[in-house]
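Q: Please take a close look at a single strand of this protein. I would like to know how it is paired, how it is covered and what it touches.

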Amino acid sequence: MVMPKMGESVMEGTILTWLKSVGDTIEQDESVLEVATDKVDTEVPATHAGTLVEILAEEGDVVQVGATIAVIETEVDAEGGNTPTNPAPKEEEVEEKEMVLETVSANGSSQVNGVTHQKNDFATATRFYSPLVMSIAKEESVSISELETIKGTGLEGRVTKNDMFSFLQNRKNNGNGSQTVATPQTQQKIEVKERKAESNQKLEQLQPVKSYSSDVEVVEMDRMRKMIAQRMVESKRVSPHVTSFVEADVTNLVNWRNKWKRVVKDRDGVALTFTPIFVEAVAKAIQDFPKINCSVDGDKILMKKGIHVGIAVALSNDNLIVPVIKNTNELNLLGITKKVSELVDKARNNKLSPDDLSGGTYTLSNIGSFGNMLGTPIIMQPQVAIMSVGAVVKKPAVVETEHGDMIGIRHMMYLSHSYDHRVVDGGLGGKFVRRVADYLENFDVNTTI
């Protein structure tokens with residue numbers, strides 16, 4: 001079982017919790033562990049049914065996508081119908097590897113080059129064994145019955161790795177079997193883990209000790225806040241940000257929404273907020289200016305054909321997450337409204353999937369929901385632009401009529417457009433935000449939803 005790829009540009013994940021223990025029986029597609037990425041926390045299902053025989057990544061470990069994290073032993077159909085077929089090894093590999101003769105007895109034991117090894121079933125164990133101890137037992141062919149006789153020196157009498165090494169040494173000295181103390185592979189794995197722990201401890205010791213006054217409360221960043229901080233700093237480092245501003249008169253849009261929001265709520269059970277209307281205007285403007293819908297890879301500009309608008313959602317803990325409305329331009333206003341409602345609900349209930357967070361080509365942040373007028377948003381990498389929309393407020397404004405100019409009370413708002421100046425110049429960035437404002441100002445009051 002390998003670490004799956006959980007979204008575009010996601011190259012690693014952090015093991016949060018193992019939901020299964022070694023020896024547990026697992027059904028296909030049953031959740032085995034929880035993994036966190038910089039985008040989402042999610043459960044990872046098993047790709048095959050069988051028994052979890054080895055855990056190779058501990059909780060808290062950061063694992064690269066594609067790396068092996070566990071071993072699942074699958075059952076072979078008695079009639080041979082489900083026996084997996086393995087590709088034939090190359091001739092060079094066969095010549096380089098030592099040929100091993102193995103026979104399996106009826107009781108599950110096997111003989112490798114004449115030495116008998118007992119197949120372990122940790123489900124029959126009467127006490128807890130750590131993944132490391134079970135891994136050593138498996139590699140050194142220590143049977144369950146032998147494990148049960150080892151007196152543990154760990155917490156609550158648990159068997160430790162040192163207990164295992166002592167047992168293996170005694171077994172060798174007493175001549176019980178021809179097994180050596182530990183294979184080089186086993187010791188190497190343990191030494192790597194120990195060196196890693198020792199290195200981390202030394203780094204912590206080298207960090208300068210900071211003191212704070214008594215009126216300061218020190219709060220450790222949670223995992224998501226650390227990731228957000230890292231991504232924001234990286235975005236400012238990579239992309240030279242430029243921000244353009246436009247003020248829009250959205251009086252007609254506000255009057256139309258006031259007319260329809262009760263209808264949509266009673267009929268469809270969703271709230272008709274301003275966000276879906278803003279998203280629709282952004283999608284239309286992207287079709288008018290497709291060069292804004294791209295990313296940068298070195299000296300190459302990657303033009304995206306699909307329009308996938310991300311919406312920034314604030315969570316109850318003040319963290320931010322950005323689910324994506326796929327193929328936004330293919331949805332009508334009601335479809336966008338329902339999708340926004342679905343994604344916001346999933347975000348605030350921690351139900352977003354990796355697919356909900358991947359593939360965004362442009363991002364919209366509605367800071368007006370916090371009562372803010374203006375903002376200078378930071379670009380979501382690897383995108384090249386992001387827009388924030390401020391609060392809609394009543395203001396006196398000049399209104400042009402056929403009888404001349406006059407002062408009227410209008411619903412006004414500001415739009416802020418930040419863009420990557422490596423590939424988006426002021427002309428394109430300014431025209432784009434102006435076009436979005438035009439779509440909002442010229443909203444058709446006869447629109448039905």
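A: Two strands count as paired if DSSP finds at least two bridges between them. In this predicted model, strand β14 (residues 309-311) pairs with β18 in the parallel sense, over three bridges. One of the positions involved is Gly310, whose bridge partner in β18 is Thr363.

β18 also pairs with strand β19 (residues 385-389), again in the parallel sense, over four bridges. Here Thr363 has Ile386 as its bridge partner in β19. Thr363 is thus a bridge partner of Gly310 and of Ile386.

Next, the cover of the strand. Five of the five residues of β18 are buried, so this strand is largely enclosed by the rest of the structure. In a regular strand the side chains alternate between the two faces of the sheet. In β18, Tyr362, Leu364 and Asn366 lie on one side, while Thr363 and Ser365 lie on the other, and both faces are covered.

Ser365 can serve as an example from the second of these sides. Ser365 belongs to strand β18, which spans residues 362-366. The relative accessible area of Ser365 is 15%; buried means under 20%, so Ser365 counts as buried. Leaving aside neighbours within four places in sequence, Ser365 is in contact with Ala312, Met387, Ser388 and Val389.

Met387 leads from the strand to the core. Not counting residues up to four places away in sequence, Met387 touches Tyr362, Thr363, Leu364 and Ser365, and its other contacts include Val282, Pro377, Leu415, His417, Phe432 and Val436. The largest nonpolar core has 58 residues, and Met387 is among those with the most contacts inside it, together with Val282, Leu415, Phe432, Val436 and Leu440. Helix α8 (residues 274-288) gives the largest share of this core, nine residues. Apart from it lies another core, of 31 residues, including Val35, Ile55, Val63 and Val133.

For the wider setting, the protein has ten helices and 21 strands. Of its 449 residues, 39% are buried. Among contacts between residues at least 6 apart in sequence, 59% join residues at least 24 apart.

A contrast to the buried strand is found at Tyr212, in the loop between α5 (184-206) and α6 (223-238). Tyr212 is exposed, with a relative accessible area of 51%. With Val216 and Val218, Tyr212 makes a nonpolar surface patch of about 300 Å².

Key. Residues are numbered from 1 along each chain as its sequence is written. This is a predicted model: local features need pLDDT of at least 70, side-chain atom pairs count only at pLDDT 80 or more; totals for chains, interfaces and linings use all residues. Side-chain values use heavy atoms; hydrogens and water are left out. A nonpolar core is a set of buried Ala, Val, Leu, Ile, Met, Phe, Trp, Tyr and Cys residues joined through side-chain atoms within 4.5 Å. Buried means under 20% relative accessible area, exposed over 50%, partly exposed in between (1.4 Å probe, protein chains only). Helices (H or I, at least four residues) and strands (E, at least two) are DSSP runs, numbered from the N terminus. Contact means heavy atoms within 4.5 Å. Patches are made of residues with over 30% relative accessible area and no salt bridge: like charges are joined within 9 Å, nonpolar side chains (Val, Leu, Ile, Met, Phe, Trp, Tyr) within 5 Å. Accessible areas come from the Shrake-Rupley method with a 1.4 Å probe; for residues, only the protein chains shown count as cover. A salt bridge is a side-chain nitrogen of Lys or Arg within 4 Å of a carboxyl oxygen of Asp or Glu.
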